[in-house]
Number of protein chains: 2
Amino acid sequence: MPAPPELIKFIDDNAESFIKRLGEAVAIPSVSGDAKHRQDVFTMAQWLNAQLNSYGVETQLTDLGKHVMDGEELQLPPAILGKIGNDPSKKTVLIYGHFDVQPANLSDGWSSEPFTLTINRENGQLVGRGSTDDKGPILGWLNVLQYHAENQKELPVNIKFCFEGMEESGSEGLDELVEKEAQPGGWFDGVDCVCISDNYWLNTRTPVLTYGLRGISYFKINITGPGWDLHSGVFGRTIHEPMTDLVILMSKLVDPQGHILIPGVEEMVPPAFGEERAIYEKLDYAIGDIEAAAGASIALSSDKVEVLMGRMRSPSLSLHGIEGAFYGAGAKTVIPAKVAGKFSIRLVPPQTPENIAPLVNEYLEAEFAKLGTKNKMVVEEIHGGRPWLADLNHWNFEAAKAATRAVYQQEPDMTREGGSIPVTLTFAEALGANVVLLPMGRGDDGAHSTNEKLDRSNFIEGSKLLGTYLYELAAIQGKK
Amino acid sequence: MPAPPELIKFIDDNAESFIKRLGEAVAIPSVSGDAKHRQDVFTMAQWLNAQLNSYGVETQLTDLGKHVMDGEELQLPPAILGKIGNDPSKKTVLIYGHFDVQPANLSDGWSSEPFTLTINRENGQLVGRGSTDDKGPILGWLNVLQYHAENQKELPVNIKFCFEGMEESGSEGLDELVEKEAQPGGWFDGVDCVCISDNYWLNTRTPVLTYGLRGISYFKINITGPGWDLHSGVFGRTIHEPMTDLVILMSKLVDPQGHILIPGVEEMVPPAFGEERAIYEKLDYAIGDIEAAAGASIALSSDKVEVLMGRMRSPSLSLHGIEGAFYGAGAKTVIPAKVAGKFSIRLVPPQTPENIAPLVNEYLEAEFAKLGTKNKMVVEEIHGGRPWLADLNHWNFEAAKAATRAVYQQEPDMTREGGSIPVTLTFAEALGANVVLLPMGRGDDGAHSTNEKLDRSNFIEGSKLLGTYLYELAAIQGKK
């Protein structure tokens, strides 16, 4: 059951008014990570809530309590829970999105005011903070709702909504809310599947469905020695220097080719066989794409399958930096007294923060013992999140694929992402439901960068995609 | 020829007025490294110049030109050149000191106002910025001059002075001045030996003469890869990460026991045989002293000779930090695009920045090639200074030893210092003269720290020491 032609026509006919509405949303600087903008996040919640109500969505603004940011106690923006339709014969889909955005200032290097949606008529780009992350996708759903409301058409499925205002700042309070509302009688009771539109195509050409995300374990190796910073002239070669110990330990974590050297970490992941390699072979992606995104010819391999598997189905270990050492410009002859090396491991199933931490600790303790130093080491795990992998043969994915074919006349690239969207796993586990990531924007949208944009065609065709997905969901028989 | 008893008595009798004068000098916050205090450095120069003139010293304030600090063009404080006595039958000694100081603020943790000399009557400490580094020693010379001026006594030697106001900020312009004035007809023409009082005893008990200083070569390893910082979720295990390469290279420079791993660097230094080890055995120094100074039990050895040789007659390599990586608190999942590792090597003869740099470059190039990375490396030498080693059997040292015995009834510890005082080597080379470092203060004076102090007894006995040194110099026959 493809979407009714009237829906497609409605979206095309109303494209300019949809873009105008996106401009209204972008104009509210709902930066969750900046206390000065906290009131704007509330304004954005009210704006979105009013839009939803106007199309017949019943909503509830949920108080998530307070939190402390930059030493200031602040009220958290509310989560918007919504529902429309209550037909037990229809499937119920839960839609997630977030209405907060990353910080942005013209002085960061934007070509136009970040909170004024700037329409480039030549290349069709809609430039502004939040255009693609994640206001564009949320407004895609509004566009679909508007068609049904204004034309008195019934939706093909029941929809529950979960929109939050703290995604860019750790989704505070959301996990608890999802777990509570997943209980019998809760807002999300009866949800059959979940759709999240908050990631991107691999490239600028081919639509994507995403079925996996890596998890993360973030570690800090603390080495302490002297009671205070020392002068390298006076103390050089008289005492054990913490930096020497730390740098040796950090050098034993990963090799220049990206192989993780902590015993047991790589071994946990089953090797990829021919069939699985074929998935990556099929993706519309070239080494040139990653090198363009990285800004240099530094890919680990000239084999695209290797590089894609490195990002999508392999763990990775990155050294982020050192706290407590000299980091400024110039030359300072200091022996730092306390240094802390930061690194993180991106996890893939069956790795979890829980089964990785003991391997890291045991290895670092053993390597530290080999140093023969009198300094002290303490390893801390700062935070962690489990990886997520969905069944990509589930009917939820079938519907998303069918919608992609219908709108784009293309097979979507089936991808796993290297990063983490922790709420995905929370939905999957709390609801016991399949989650599909159905992105609207392109790989070059620059979600957290300057000049964030959404292409006009991605906004308009993407709205059709989301609408069509609902009809394709409804069309799948016997899976309710 | 020990000092006349009248000189010793004069110093004891005038101790309180000398301390009062030290208070006047400390009260002028002549911080050379802070543009806000630049005028105070000029005021201090005028104060010192007036003192010298009042005791019959002919002076010249030498304009050293301008420099740029913190983006501001500033006039450099003048160097004060002085001379008193012109008897061709007497030896001529050049005395160096500096009248600028390190920054200091009460809020740094001082127990009293840093620019108010605070006299602790219980333990005899004179607390204030510059008390020991280097206003106390300069005023020691003034105390000796005052005796001769007020009592119409002729000095036993001719004296030339060189006092600068930029020592704590790189001694800008001084090398050129020394080299110029060392020429025939220059201010320093005819100097027979040099005395610098700008370092410290090893401990709190035993006077010291210093005959060596380590040099330094400061390096920066630049690794560049991506065009901009990348997200570790998206790019982890797809590209060569600069931090991985840098940390491996830094781990190959020095081991936890302080051995330098760059081939050729250690080998350059001849091993110490029994006779030389005896020098270090004799020093009044215990492992406990270094561990107290470092604030932890982390000495590289329990053998004091090994530890002292590590500081005084061995090269050392310290890793100072990394520029460009994540250095803050918390967890940031960044792959830094450009990182620069900073390290320095303290040099001992026959090492020089010139013969060390090729070894460092060659080794790093070879190790970098082994990494098989596509990132780029550039090694920079930021600055360097050669080591200095004096003939400790020279009559200049004999005079300093005899003066120490006369004033302290102790044999001085003969030391080499781990740090660098670059002007020492400039004097030695430009003048072709022996230089003795004859410290006034103790090892716990905290020259660059909070609560810098000079013990009253070190100031008063130290003034006697400087005066006696002049008479002992004069007493040595046939060395003119």
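This is a chat about salt bridges and one strand pairing in a predicted model.

Reader: Hi, I'm new to this one. How many salt bridges are there over all chains?
Author: The count comes to 54 over all chains. Keep in mind that the model is a predicted one.

Reader: OK, pick one in chain A. What does A:Arg277 meet in a salt bridge?
Author: Its partner is A:Asp303, and the N to O distance is 3.3 Å.

Reader: And where do those two sit?
Author: A:Arg277 is in helix α8 (residues 274–282) of chain A, while A:Asp303 is in the loop between α9 (287–294) and α10 (304–312), so the salt bridge ties together parts that are 26 residues apart in sequence.

Reader: Is A:Arg277 buried, exposed or partly exposed?
Author: Partly exposed, with a relative accessible area of 29%. A:Asp303 is also partly exposed, at 28%.

Reader: Let's move along the chain. Which residue forms a salt bridge with A:Asp444?
Author: That's A:Lys453, and the closest N and O atoms are 2.7 Å apart.

Reader: How accessible are they?
Author: A:Asp444 is partly exposed at 43% relative accessibility. A:Lys453 has 3%, so that residue counts as buried, the cut-off being under 20%.

Reader: Which residues are linked with them in a network of salt bridges?
Author: The network links A:Arg442, A:Asp444, A:Asp445, A:Lys453 and A:Asp455.

Reader: Switching to chain B. What does B:Glu367 meet in a salt bridge?
Author: B:Lys370, with 2.8 Å from N to O.

Reader: How many residues apart are they in their helix?
Author: Three. Both belong to helix α11 (residues 353–371) of chain B, and that spacing separates B:Glu367 and B:Lys370 by about one helical turn.

Reader: And B:Glu367, buried or exposed?
Author: B:Glu367 counts as buried, at 8% relative accessibility. B:Lys370, on the other hand, is exposed, with a relative accessible area of 61%.

Reader: Enough salt bridges! How many residues of strand β13 in chain B are buried?
Author: Seven of the eight, which leaves the strand (residues 316–323) mostly covered.

Reader: Which strand do bridges join β13(B) to?
Author: Strand β15 of chain B, residues 338–347. Seven bridges join the two strands, and they run antiparallel.

Reader: Can you give me one pair to look for? What is the bridge partner of B:Leu319?
Author: Look for B:Phe343 in β15(B); that is the bridge partner of B:Leu319.

How values were computed. Residues are numbered from 1 along each chain as its sequence is written. Chains are lettered from A and ligands numbered from 1 in the order in which they are written. This is a predicted model: local features need pLDDT of at least 70, side-chain atom pairs count only at pLDDT 80 or more; totals for chains, interfaces and linings use all residues. Side-chain values use heavy atoms; hydrogens and water are left out. A salt bridge is a side-chain nitrogen of Lys or Arg within 4 Å of a carboxyl oxygen of Asp or Glu. Helices (H or I, at least four residues) and strands (E, at least two) are DSSP runs, numbered from the N terminus. Buried means under 20% relative accessible area, exposed over 50%, partly exposed in between (1.4 Å probe, protein chains only). Two strands pair if DSSP finds at least two bridges between them.
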